[in-house]
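Here is a brisk report on one protein model. Please keep the sequence and the structure open while reading.

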Amino acid sequence: MAENDAFARMEKTIAALKDELKTIRTGRASPALLDKVRVNYYDQKTPLSQVATVSAPEARLLVIQPFDKSLVGEIEKEIQKADLGFNPSNDGKVIRIAIPPLTADRRKEFSKQAKVIAETSRVAIRNIRRDGNEDLKKRQKDGKLTEDDLKAQETELQKSTDKFIQDINKITEAKEKEILEG
């Protein structure tokens, strides 16, 4: 595994963290809250975003407009099944979800969830570093790297690791602030 490969894997870990944190509820409505909802469409579990337009016209309201009106009931059922704490209502054409304000306990729970996700990402970054170091040592053993090159690349890999861990901390702090201030 080259250093560039480790860097790319670390960047993917950060992207995955951001995507995961988007699905944690804050006090505001966000279409990303429904990213994990899958709807049965022609016997396929299809992401909600592929069968409907999801928008947040107000701070505490989500509106879902299915491309196919026959999916209204199915979408409503899947949102309830996803156990997101929402109570969707439909008028036959669109589904509206009023986002209730979060209680202090719920905010703390979501904050803890964000910390768990962040720790998982930190572990993934460290595992990538470990894999990179093992690869560098193997390349040195095979004669493809000198001792000095090995040390230099290990140092670079550690710098990348530190930078990405710092990024995870910043992203998580911002999300926690967003959750707790709502």
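The report takes the helices first, then the sheet, then the turns.

## Helix pair and main core

This is a predicted model. Start with two helices, H3 (residues 104-141) and H4 (residues 147-181). Two packed helices are described by the angle between their axes and the distance between the axes. Here the axes come within 10 Å and cross at roughly 170 degrees. Angles over 145 degrees count as roughly antiparallel. H3 and H4 are therefore roughly antiparallel to each other. What kinds of residues make the contact of H3 with H4? By class, there are twelve nonpolar, ten polar and twelve charged residues.

In soluble globular proteins, nonpolar side chains tend to be buried together. The largest nonpolar core in this model has 21 residues. Met-10, Leu-21, Ile-24, Ile-125 and Ile-168 touch the most other members. Three elements give two or more residues to this core: helix H1 (3-22), H3 and H4. H3 provides the largest share, seven residues.

Ile-125 shows the packing in detail. Leaving aside neighbours within four places in sequence, Ile-125 is in contact with Met-10, Thr-13, Thr-161, Phe-164, Ile-165 and Ile-168. Two of these partners, Met-10 and Ile-168, are themselves among the core members that touch the most others.

Ser-121 also lies in helix H3. Is Ser-121 buried or exposed? The relative accessible area of Ser-121 is 7%. Buried means under 20%, so Ser-121 is buried. Not counting residues up to four places away in sequence, Ser-121 touches Thr-13, Leu-17 and Ile-168. Thr-13 and Ile-168 are also contacts of Ile-125.

## Second core and helix H2

Apart from the largest core lies another, of 19 residues. Its members include Leu-48, Ile-64, Val-72 and Ile-97.

Val-72 belongs to helix H2 (residues 72-81) and is buried there. Glu-74, Ile-75, Glu-76, Glu-78 and Ile-79 of H2 are buried as well. What do the buried residues of H2 pack against? They pack against strand E1 (38-41), strand E2 (44-47), E3, E4, E5 and E6.

## The four-stranded sheet

Strands of a sheet pair through backbone hydrogen bonds, either parallel or antiparallel. The open sheet here has four strands in the order E3-E4-E6-E5, with antiparallel pairing. Strand E3 (52-58) and strand E5 (89-90) stand at the edges. Each has a single partner strand, so one side of each is left without a neighbour in the sheet.

Strand E4 (residues 61-66) and strand E6 (residues 95-98) run antiparallel and are joined by four bridges. Within this pairing, Val-63 stands opposite Arg-96 in E6. Leu-62 has Ile-97 of E6 as its bridge partner. On the other side, E5 and E6 pair in the antiparallel sense over two bridges. There, the partner of Asn-90 is Ile-95 in E6.

In a regular strand the side chains alternate between the two faces of the sheet. How do the residues of E6 divide between a covered and an uncovered face? Ile-95 and Ile-97 form the covered face. Arg-96 and Ala-98 form the uncovered one. Ile-97 is also one of the members of the 19-residue core.

## Hairpins and positive phi

E1 and E2 run antiparallel and are joined by four bridges. They form a hairpin with two residues between them. Tyr-41 has Gln-44 in E2 as its bridge partner. Both Tyr-42 and Asp-43 lie in the loop between E1 and E2. Tyr-42 is exposed, with a relative accessible area of 67%. Asp-43 is exposed too, at 71%.

Most residues other than glycine have a negative phi, and most peptide bonds are trans. The table lists residues with a positive phi.

| Residue | Place | Phi |
|---|---|---|
| Tyr-42 | turn of the E1 and E2 hairpin | about 50 degrees |
| Asp-43 | loop between E1 and E2 | about 60 degrees |
| Asp-83 | just after H2 | about 55 degrees |
| Gly-92 | hairpin of E5 and E6 | near 95 degrees |

Gly-92 sits in a hairpin with four residues between the strands. Tyr-42 is a residue other than glycine, and Asp-43 is not a glycine either.

How values were computed. Residues numbered from 1 in each chain as written. Predicted model: local features only at pLDDT ≥ 70, side-chain atom pairs only at ≥ 80, totals over all residues. Heavy atoms only, no water. Axes fitted to C-alpha atoms, helices over the stretch in contact; angles between N-to-C directions. Parallel < 35°, antiparallel > 145°, perpendicular 65-115°, else oblique. Nonpolar A, V, L, I, M, F, W, Y, C, P; charged D, E, K, R; others polar. Core = buried A, V, L, I, M, F, W, Y, C linked by side-chain atoms within 4.5 Å. Buried < 20%, exposed > 50% of the residue type's maximum accessible area, 1.4 Å probe, protein only. Contact = heavy atoms within 4.5 Å. Pairing = 2+ DSSP bridges.
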